[in-house]
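Subject: Structure handover

Hello,

Here is the structure I promised to pass on. Please open it alongside this note; my findings follow below.

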Amino acid sequence: MTSGARTSGARVCLGQIGAAHGVRGEVRLRSFTSDPASIADYGPLETEDGRPIEIEKLRPAKDHFVARLAGIRDRDAASALTNVKLYVPRERLPQTDDPDEFYHADLVGLAAVDQSGNVFGTVIAIFNFGAGDLIEVRPQNGGKTELVPFDATHVPEVDIAAGKIVFDPPDGMFKAH
């Protein structure tokens, strides 16, 4: 239902650097893009703190890619990048072709309202722990956040232009709103 992975402000996380690979500065790279090999097509990526990272070469491996990054030529430099997430500005991503596919960055910050228009809170994050996407909603009146399945049953409408998702939370959730 969603495309991309995690967000950081107006940026979308497209991948994560893994361990160093070999002694010449290559790294393992996990891609979160719908076509994993296309991660190199987005141009320079950036780290969480804004450092630019450019993929010079990319080749597939077992369950990841092996990448050569600009300016990284030895194992020590490659090791220093272990677990660094790679982002791209949201505006650099194409529009989705599927009306039921969204970038996480477009969902974060939307109001979560019920079918009657009552505001329950705000979408603050999207997760996928392996059993499908979940949206995290911060209640309008404070309190603990709730995770809501992000599927057609629980979120029948997403209206990015109007700044809201319409949702039908599971029974017992958000009782005191």
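A nonpolar core, as I use the term here, is a set of buried Ala, Val, Leu, Ile, Met, Phe, Trp, Tyr and Cys residues joined through side-chain atoms within 4.5 Å. Keep in mind that this is a predicted model.

**The cores**

The largest nonpolar core has 23 residues. Within this core, Leu14, Ile17, Leu29, Leu45 and Leu69 touch the most other members. Four elements give two or more residues to it: strands E3 (11–21), E4 (26–31), E8 (65–69) and E9 (85–89). E3 gives the most, with four residues. Apart from this core lies another, of 15 residues. Phe102, Ala112, Phe150 and Ile165 are among its members.

**Two core leucines**

Leucine 14 belongs to strand E3. Its relative accessibility is 3%, so leucine 14 counts as buried. Beyond its neighbours within four places in sequence, leucine 14 is in contact with Arg30, Ser31, Phe32, Thr33, Ile39, Tyr42, Leu45, Leu86, Val88 and Leu93. The C-alpha atoms of leucine 14 and glutamate 46 are separated by 9.9 Å, and the two residues are 32 residues apart along the chain.

Leucine 69 is another of the residues named for the core. Not counting residues up to four places away in sequence, leucine 69 touches Ile17, Val27, Ile53, Glu54, Ile55, Glu56 and Leu81.

**How the strands pair**

E3 and E4 pair in the antiparallel sense, over five bridges. The two form a hairpin, with four residues between them. Glycine 22 sits in the turn and has a positive phi of about 80 degrees. Isoleucine 17 has leucine 29 in E4 as its bridge partner. Both Ile17 and Leu29 are on the list of core residues that touch the most other members.

E4 also pairs with E8. These strands run antiparallel and are joined by three bridges. Here valine 27 stands opposite alanine 67 in E8.

**Two arginines**

Is arginine 90 buried or exposed? Arginine 90 counts as buried, because its relative accessibility is 13% and the cut-off for buried is under 20%. Arginine 90 lies in the loop between E9 and strand E10 (102–103). Its contacts are Ala10, Arg11, Val12, Gln95, Tyr103, Ala105 and Asp106, not counting residues up to four places away in sequence.

Arg11 is therefore one of the residues that arginine 90 touches. The charged end of arginine 11 sits over the ring of tyrosine 87, 4.5 Å from its centre.

**Aromatic pairs**

The count comes to three aromatic pairs. Phenylalanine 120 and phenylalanine 167 form one that is edge-to-face. The centres are 5.3 Å apart, with 90 degrees between the planes. This pair links distant parts of the chain, 47 residues apart. Phenylalanine 120 is in strand E12 (residues 119–128), and phenylalanine 167 is in the segment after strand E16 (164–166). Phenylalanine 120 and phenylalanine 167 are both buried.

Phenylalanine 127 and phenylalanine 129 form a stacked pair, because their ring centres are 5.5 Å apart and their planes are at 15 degrees. Phenylalanine 127 is partly exposed, with a relative accessible area of 28%. Phenylalanine 129 counts as exposed, at 64% relative accessibility.

Best wishes

How values were computed:
Residues are numbered from 1 along each chain as its sequence is written. This is a predicted model: local features need pLDDT of at least 70, side-chain atom pairs count only at pLDDT 80 or more; totals for chains, interfaces and linings use all residues. Side-chain values use heavy atoms; hydrogens and water are left out. Buried means under 20% relative accessible area, exposed over 50%, partly exposed in between (1.4 Å probe, protein chains only). Contact means heavy atoms within 4.5 Å. Two strands pair if DSSP finds at least two bridges between them. Rings of Phe, Tyr and Trp (its six-membered ring) pair if their centres lie within 6.5 Å; planes under 30 degrees apart count as stacked, over 60 as edge-to-face and the rest as tilted. A charge sits over a ring if NZ of Lys or CZ of Arg is within 6 Å of the ring centre and within 35 degrees of the ring normal.
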